[in-house]
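Student: Please take me through the structure shown below, one question at a time.

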Amino acid sequence: FRMNNDTGEDRESASAKFVGTCRDLEKPYLRLTSAPLPNQVRPESVLHKSLEIVKQRWKSKSCKYLVVCEQLKSIRQDLTIQCVRNAFAVEVYETHARLALENSDPEEFNQCQTQLRELYVETNVGHQAEFAAYRIYYNMFTKSFQGLTHEMQALPDNLLSEPCVVHALAIREAWSQQNYARLFKLYQSTSHMGSYLLDLLLPRERLAAVRTMAKTFRPALPVTYVQSQLGFSSVEQCVTFLTLHQAKFTDASCKALDGKLSSGSLLSAVVVADKDS
């Protein structure tokens with residue numbers, strides 16, 4: 001008996017290719033400890049309806065993300081048990097991945113995008129360019145340089161000219177070169193839901209940029225300059241970020257950063273997520 005790393009679905013059960021008989025539109029996700037019975041698994045025809053219910057409930061904001069997440073995991077489980085790997089499976093995983101991004105759930109997103117990589121190869125359907133860009137951003141977030149190299153080498157020729165992929169590669173280049181001004185400028189025009197992933201790494205990169213600025217600009221650095229370079233929407237937002245990360249200002253007006261004092265204090269600062277990024 002062997003579990004799928006994605007959601008704990010039973011791979012050996014999937015090989016049996018049986019069709020479930022359960023008619024429940026909603027069903028809790030349960031980690032399997034034995035081979036499931038047909039009456040515990042919903043057939044694909046029912047799962048289509050289940051997915052629509054999940055989408056409607058989320059769109060109407062009638063339930064919390066954790067409830068939606070559980071239902072999507074349950075749908076994914078039933079698909080895997082029956083070895084359903086088609087366009088509908090792609091739709092399910094893409095839906096769950098997007099909802100995970102919207103709710104700052106990188107772990108669930110990663111499970112979905114890992115399965116999508118395989119499904120795209122098998123089915124050649126879905127939003128492949130969009131998710132290729134997401135994988136680049138995700139590897140930036142996790143600082144997986146090996147993963148980034150693999151993703152770029154594995155990009156098929158037909159995706160290299162896609163705007164979202166071109167944009168993701170430009171962001172990766174700016175990030176790898178520590179070209180912060182260009183990184184945050186490109187961030188402003190990120191398409192689809194890429195900004196949700198970039199939001200996860202922005203605080204870390206902004207802190208690194210401010211540390212560099214504090215070392216370079218002495219004795220003082222205008223906060224307006226920091227704001228423009230790091231893509232903050234307002235001076236107030238920039239000051240809040242700097243304060244949270246122990247930056248020191250020249251006076252109480254907070255109009256200029258004290259380079260000398262901030263160099264030391266910023267080194268000990270812990271990254272704090274900026275929810276308004």
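**Questions on the fold and its packing**

Student: Which helices are included in what covers the buried residues of α9?

Tutor: The model is a predicted one. In it, the buried residues of α9 are C164, V165, H167, A168, A170, I171, R172, A174 and W175. The cover over these buried residues includes α6 (128–141), α7 (145–154), α8 (157–160), α10 (180–187) and α11 (194–216).

Student: What distance separates the end C-alpha atoms of helix α9?

Tutor: Helix α9 runs over residues 163–176, which makes 14 residues. At 1.5 Å a residue, the expected span is 20 Å. The computed separation of the end C-alpha atoms agrees with this expectation, at 20 Å.

Student: Which residue takes a positive phi just after α9?

Tutor: The place to look is directly beyond the end of α9. There, a phi of about 55° is taken by Q178.

Student: How many helices and how many strands does the protein have?

Tutor: The C-alpha trace spans about 70 × 40 × 35 Å along its principal axes. Of the 277 residues, 49% are buried. Among contacts between residues at least 6 apart in sequence, 62% join residues at least 24 apart. The secondary structure comes to 14 helices and two strands.

Student: What kind of aromatic pair do F109 and Y138 form?

Tutor: The count of aromatic pairs in the model comes to nine. F109 and Y138 form one with 5.9 Å from centre to centre and 50° between the planes, and this pair is tilted.

Student: Which helices hold F109 and Y138?

Tutor: This pair links distant parts of the chain, its members being 29 residues apart. Both F109 and Y138 are buried. F109 belongs to helix α5 (residues 106–123), while Y138 belongs to helix α6.

Student: What kind of pair is formed by the rings of Y120 and F131?

Tutor: The ring centres of Y120 and F131 lie 6.4 Å apart. Their planes meet at 55°, so the pair is tilted.

Student: How many residues apart in sequence are the parts tied together by Y120 and F131?

Tutor: Y120 lies in helix α5, whereas F131 lies in helix α6. The pair therefore ties together parts of the chain whose separation in sequence is 11 residues.

Student: Are Y120 and F131 buried or exposed?

Tutor: A residue counts as buried when its relative accessible area is under 20%. Y120 has 6% relative accessibility and therefore meets this limit. F131 has a relative accessible area of 0%, so F131 too is buried.

Student: Which residues form one aromatic cluster?

Tutor: A pair of aromatic rings is described by the distance of the centres and the angle of the planes. In this model, one cluster of such rings comprises F109, Y120, F131, Y134, Y138 and F141.

Student: Over which ring does the charged end of R206 sit?

Tutor: One lysine, K73, lies over the face of Y29, at 4.9 Å from the ring centre. The charged end of R206 is 3.9 Å from the centre of another ring, that of F232.

Student: Which helix gives the most to the lining of the largest cavity?

Tutor: There are two cavities of 30 Å³ or more, and the largest has a volume of about 50 Å³. Its lining consists of E130, A133, Y134, Y137, C164, H167, T190, S191, H192 and G194. Two helices, α6 and α9, each supply at least two of the lining residues. The greatest contribution, four residues, comes from α6.

Student: Which residues does L101 touch, not counting residues up to four places away in sequence?

Tutor: L101 is found in helix α4 (residues 87–102). Its relative accessibility is 5%, so L101 counts as buried. Beyond its sequence neighbours, L101 touches F109, Y134, M193, Y196 and L197.

Student: With which residues is N86 in contact, leaving aside its neighbours within four places in sequence?

Tutor: N86 is placed in the loop between α3 (65–81) and α4. At 26% relative accessibility, N86 counts as partly exposed. Its contacts outside that sequence window are E44 and T123.

Student: What distance separates the C-alpha atoms of V270 and R204?

Tutor: V270 is in the segment after α14 (259–267). At 61% relative accessibility, V270 counts as exposed. V270 and R204 are 66 residues apart along the chain, and their C-alpha atoms are separated by 8.9 Å.

Methods:
Residues numbered from 1 in each chain as written. Predicted model: local features only at pLDDT ≥ 70, side-chain atom pairs only at ≥ 80, totals over all residues. Heavy atoms only, no water. Expected span 1.5 Å × (residues − 1). Buried < 20%, exposed > 50% of the residue type's maximum accessible area, 1.4 Å probe, protein only. Contact = heavy atoms within 4.5 Å. Phe/Tyr/Trp six-rings, centres within 6.5 Å; stacked < 30°, edge-to-face > 60°. Lys NZ or Arg CZ within 6 Å of the ring centre and 35° of its normal. 1 Å grid on protein atoms, 1.4 Å probe; cavity = no way out; pocket = protein on both sides within 12 Å on 5 of 7 lines; lining within 4 Å. Points joined across faces, edges and corners; volume = space filled by probe spheres on them.
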